[in-house]
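Let's take a quick tour of one helix and the sheet around it. Have the structure open while you read.

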Amino acid sequence: MKPETLPQVTVRDALSATARLANCSDSPELDCQILLADVLGVSRSWLYSHDDITLNVDDMRRFQSMIERRQAGEPVAYITGQRPFWDMTLEVSPATLVPRPETELLVEAVLDSRPDSPLTAIDLGTGSGAIAIALARERCSWQLYASDNSLESLTIAKHNAAQWSADRIIFLCADWLAAFRHQAFDVIVCNPPYIQGGDPHLKDLCHEPASALIANDNGLGDLKRVINASVTAIRPGGHIFLEHGYDQQEIVVDLLVQAGYTTIKPGSDLAGNPRFVSGYYQP
């Protein structure tokens, strides 16, 4: 019996798999490039300057498997195990949300509000550690805490912090601010679950942890918990920063005002949709 003979596949041939992703991705060409570059351990630009290189059998099979996973709707970040954020590439897994470009705008808002002078900040529900690590890299004088109620997420966040020279972050397993019963923080940052159960957008997020996406009370349950608890954990003159759903900004602003926050500043995502707010606390 003759051994299996597989056709030779060049980089150019492999990149034609873009067509197979057209129905499952908003960026099929980019997805295909990222996956192939990950298999070969090269940059995306390398692919086009070496498109006549032939893939070996193992690389071809691994790439084929990746394309099939992407066709099934799995995020590219989970397939490769990593995701660019800020000036880093972070490890991610199905235990963490995939960091979004929109959340970089939340980081920018925090940095714009406070200079690099000593203060204490916490990132609630840190997931992969994206927000806390980005802040640590930009604000060397800040004491940073990061909490999550998932030990698996914290393991990934700690690994990312070590990879990106942010070892001074203190990581804690905690349910929002329940572990902090005294005024301690100058800055509180949180990207909580804010999607209502049954929302049609969830079908596109089925590979990500539901606990990090879905909140009760029409998607507002965790936002309310964080805001209400924050007033006993924030110092006078402190700021809170909250990411929220595209249709929740007005309600979140009202909740902040009711909790005693002033100087409320709304922010929008890259598409111009309302996406986050900040508030100043001076009782």
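In this predicted model, helix H11 (residues 249–259) has Glu-250 and Gln-258 exposed on one side. Turn to the other side and you'll find Gln-249, Val-252, Leu-255 and Leu-256, which are buried. Seen down the axis, those buried residues of H11 fall within an arc of 120 degrees, so they line one face of the helix.

**Helix H11**
- Here's the background rule: an α-helix has 3.6 residues a turn, so residues three or four places apart point the same way.
- What do the buried residues of H11 pack against? Their neighbours are helix H10 (221–230) and three strands, E9 (234–243), E10 (261–268) and E11 (274–281).
- Just after H11 comes Gly-260, with a positive phi of about 105 degrees.

**The sheet**
- How many strands form the open sheet? There are 7, running in the order E5-E4-E3-E6-E9-E11-E10, and their pairing is mixed.
- Strand E5 (170–173) and E10 stand at the edges with a single partner strand each, so one side of each has no neighbour in the sheet.
- From one strand to the next, the twist averages 15 degrees.

**A closer look at E6 and E9**
- Strand E6 (residues 185–190) pairs with E9 in the parallel sense, over 5 bridges.
- Look for Cys-190: standing opposite is Leu-242 in E9.
- H10 packs on the sheet, where it touches strand E3 (119–124), E6, E9 and E10.
- The direction of H10 makes about 170 degrees with that of E9.

Methods. Residues are numbered from 1 along each chain as its sequence is written. This is a predicted model: local features need pLDDT of at least 70, side-chain atom pairs count only at pLDDT 80 or more; totals for chains, interfaces and linings use all residues. Side-chain values use heavy atoms; hydrogens and water are left out. Buried means under 20% relative accessible area, exposed over 50%, partly exposed in between (1.4 Å probe, protein chains only). Helices (H or I, at least four residues) and strands (E, at least two) are DSSP runs, numbered from the N terminus. The arc is that of the directions from the helix axis to the C-beta atoms. Contact means heavy atoms within 4.5 Å. Two strands pair if DSSP finds at least two bridges between them. Axes are lines fitted to C-alpha atoms, for helices over the stretch in contact, and angles run from 0 to 180 degrees between N-to-C directions.
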